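Biologist: I'd like to learn how to read a model like this one. Could you walk me through it, feature by feature?

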Amino acid sequence: MSDYDAIVVGAGVAGLGVATQLQQAGKKTLLLEMYPKAGGRMQSYDLPGGYRVDIGLHMIEMGKKGYCHELGARVGKEFEWAAFSVTLDLYEEGKWQDMQSFIRLTEEEKASFIELMKGIAEMEEPDFKAWDNRSFGEWLDRNHLTGSLREVWENMSMIMTTIPDAREQSAGECLYIAKEALVKGRAVLIAAYPRGGMWGVIGPLVDAFRELGGELRLGARVEQVVFEGRKVAGVKVARKGASPIAREWRFVSTDLVTAPLVVLALPIWHLDKVLDFDRRYSPLPGWWLKRIEDIRGERTGLLGYIIATRRPLYERTVFMSALKSPRTGLPLQAFAPTAFDPGVAPDGRYLLVTDNVAEPWELEDKFNLARLMERHWEDVKELYSFDDGEVELAIPYYTTGCDGLARKPGLTGDFKPDVQAPSVDGLFFAGDTYLGRGLAIEGASRSAILCVERILA
Ligand SMILES: Cc1cc2nc3c(=O)[nH]c(=O)nc-3n(C[C@H](O)[C@H](O)[C@H](O)COP(=O)(O)OP(=O)(O)OC[C@H]3O[C@@H](n4cnc5c(N)ncnc54)[C@H](O)[C@@H]3O)c2cc1C
C-alpha cells in the first residue's frame with residue numbers, strides 16, 4: 001500500500017496544474033516544492049512599501065484565450081486579466097512608435113500581407129511540423145519579407161522565442177504562435193497581464209489544489225526518484241536539519257515517500273538531480289538519457305531591471321521591443337506593469353520592467369554579466385528619458401533558463417521530450433521543456449493538460 005496515489009515534484013504552473021487535476025480526478029496527491037513558496041519561474045514577491053513584483057519581465061501570451069486560462073478553468077478557477085496588449089511599440093530613429101505607424105505599405109504590399117496572414121491562419125499541425133526543423137529567417141526569405149515589415153516580424157519572433165536571431169528560431173513554433181493569435185485574437189501576437197502579476201495565476205492554482213484536499217509541502221527538495229524494477233515506487237525527500245554540517249559538505253539524508261505515479265514537473269536541466277543517469281543502474285533506456293543530456297543545455301537567457309519611479313515612464317498598455325539596444329547591441333523587451341494594473345505598486349508609484357535577450361553563455365560569466373547590466377541600465381535611461389535621481393527602486397535580475405527548451409530548429413514540436421517516460425511504468429513529465437507548443441507559460445500549461453490526459457487515458 002503506497003502513501004499516495006500520485007506525487008508531483010515542482011510547484012511551478014505545470015506542477016500545480018497537474019497536481020490539481022489529479023487530485024480532482026480522485027487521486028490522493030502530494031505536491032513537493034523545494035522552495036518555501038510556490039510559483040517556480042512565475043514567482044512573485046511582495047516588497048516593503050506595497051510593491052508586487054515578478055522575478056522578471058512576465059506577460060502571458062493569449063491571456064483569457066489561452067491554455068493557461070484553460071488550466072485554471074479546468075480546476076474551477078477563473079483568472080482575472082488586465083487589458084490585453086494587441087500591438088507592439090518599437091524603438092526606431094530615437095523614439096517609440098506604434099507598429100501601425102512604423103509599417104508603411106503600398107496597397108499592393110497590403111494585399112499580399114493579408115494573403116500571407118490568411119495562409120498562416122489556415123496552417124495545421126503537419127504544416128508546423130514541416131517548419132519545425134527550419135529557421136524563421138528562412139521563412140522570412142521564402143516569403144520575400146524585407147524592410148519595415150521584416151523588422152516587425154523579427155521583433156515579434158524574438159519575443160515569441162527569446163532568441164535574438166531569426167536564423168536561430170524554429171519557424172514551426174513561430175508560425176504556431178502566430179496562428180493561435182490570429183485565429184483567437186486577430187493579431188499576430190497577443191499577451192495579457194494577470195491582475196496582481198503572476199501570483200494572479202499561481203495563487204488561485206494553490207487555492208484550488210488545497211480546496212480539493214491536495215497536500216502541498218513547501219521547502220521539500222526531492223533527491224531521487226525510486227524504482228522497483230521498471231516501475232516507479234516513490235521519491236526520496238531531503239530530511240531537514242538532519243546534519244550539523246553546512247550543505248556544501250554534507251551528504252543528504254532522505255525520507256522515502258511512496259506512490260505508483262510520479263510526475264516530474266521540472267525542466268529537463270534538473271532531471272539529473274533526481275534521476276540516475278548512469279546507464280548501468282538506470283531503468284530508463286540509454287537513447288532517452290542521451291537525448292536529455294544532448295539538449296539540456298539548450299536554454300534562453302535574459303537580463304534586465306524592475307524599475308519603480310514617481311512618474312510613469314510609459315503609459316500605454318503595450319509590449320515594447322527594439323532589435324538592437326544602443327550599448328549592449330542586444331534585443332530589448334519591456335512593458336509597464338502599472339499601466340496594466342496600477343494595484344501592483346503603491347499610489348503615486350509606477351513600474352517598468354525591461355530586459356535584454358541574450359544567449360546564456362553571455363550571462364554565465366559574472367564579469368560579462370556585470371558589464372551588460374551596466375550598459376543595459378544606461379540604455380534604459382536613454383530609451384525612457386529618466387535619470388538616476390528619479391528612481392525609487394531598481395532591481396537587477398537575470399536568468400539562463402528562461403523559456404524552457406530553446407525554441408530553435410530541431411527542438412520544437414515532436415522533437416521535444418514526451419510527457420511520458422519510455423520503458424518504465426508510472427513516470428511522467430510536465431512543463432515548458434516537454435511536449436507542448438506555444439510561448440513558455442502557454443507551453444507549460446498545455447503540457448500540464450496533455451500530461452494529465454495521458455495519465456488518465
Ligand atoms: C525572468 C523570466 C521571465 C520570463 N518571462 C516570460 C514571459 O514573459 N512569458 C512567458 O510565457 N514565459 C516567461 N518566462 C518563462 C515562464 O516563467 C516559464 O515558462 C514557466 O514559469 C515554467 O513553468 P514550469 O512549471 O514548467 O517550470 P518551473 O516554474 O521552473 O517549475 C519547476 C519547479 O520545480 C521546483 N523544483 C526543481 N527541482 C526540484 C526538486 N528537486 N525538488 C522539489 N522541487 C523542485 C522548482 O523550484 C520550481 O518551482 C520567464 C521566465 C523567467 C525566469
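**Reading the fold**

Modeller: Let's start with contacts, meaning heavy atoms within 4.5 Å. Among contacts in the protein chain between residues at least 6 apart in sequence, 71% join residues at least 24 apart. Keep in mind that this is a predicted model, where local features need pLDDT of at least 70, side-chain atom pairs count only at pLDDT 80 or more, and totals for chains, interfaces and linings use all residues. Residues are numbered from 1 along each chain as its sequence is written, and side-chain values use heavy atoms, with hydrogens and water left out.

Biologist: What radius of gyration does the protein chain have, and what would a compact globule have?

Modeller: The rule for a globule is 2.2 Å times the number of residues to the power 0.38, and the radius is taken over C-alpha atoms. With 457 residues that gives a value near 23 Å, and the protein chain has 22 Å, which agrees. Its C-alpha atoms fill a box of roughly 70 × 50 × 45 Å along the principal axes.

Biologist: How many helices and strands does the chain have, and what share of its residues count as buried?

Modeller: There are 14 helices and 20 strands. These are DSSP runs numbered from the N terminus: helices are H or I with at least four residues, strands E with at least two. As for burial, 57% of the 457 residues count as buried. Buried means under 20% relative accessible area, exposed over 50%, and partly exposed in between, using a 1.4 Å probe and protein chains only.

Biologist: Now a single helix. Which residues of α10 are buried?

Modeller: The general idea first: an α-helix has 3.6 residues a turn, so residues three or four places apart point the same way. In α10 (residues 286–295), the buried ones are Trp288, Leu289, Ile292 and Ile295. Down the axis of α10 they fall within an arc of 145° (using directions from the helix axis to the C-beta atoms), so they line one face of the helix. They pack against β20 (427–429).

Biologist: And backbone oddities? Where is Thr162 found?

Modeller: Most residues other than glycine have a negative phi. Thr162, though not a glycine, has a positive phi of about 55°. You'll find Thr162 in the loop between α7 (147–161) and α8 (171–185).

Biologist: Arg186 has a positive phi of about 55° too, and is no glycine. Is Arg186 buried or exposed?

Modeller: Exposed: Arg186 has a relative accessible area of 77%, and sits in the loop between α8 and β9 (191–194). Thr162, by contrast, counts as buried at 4% relative accessibility.
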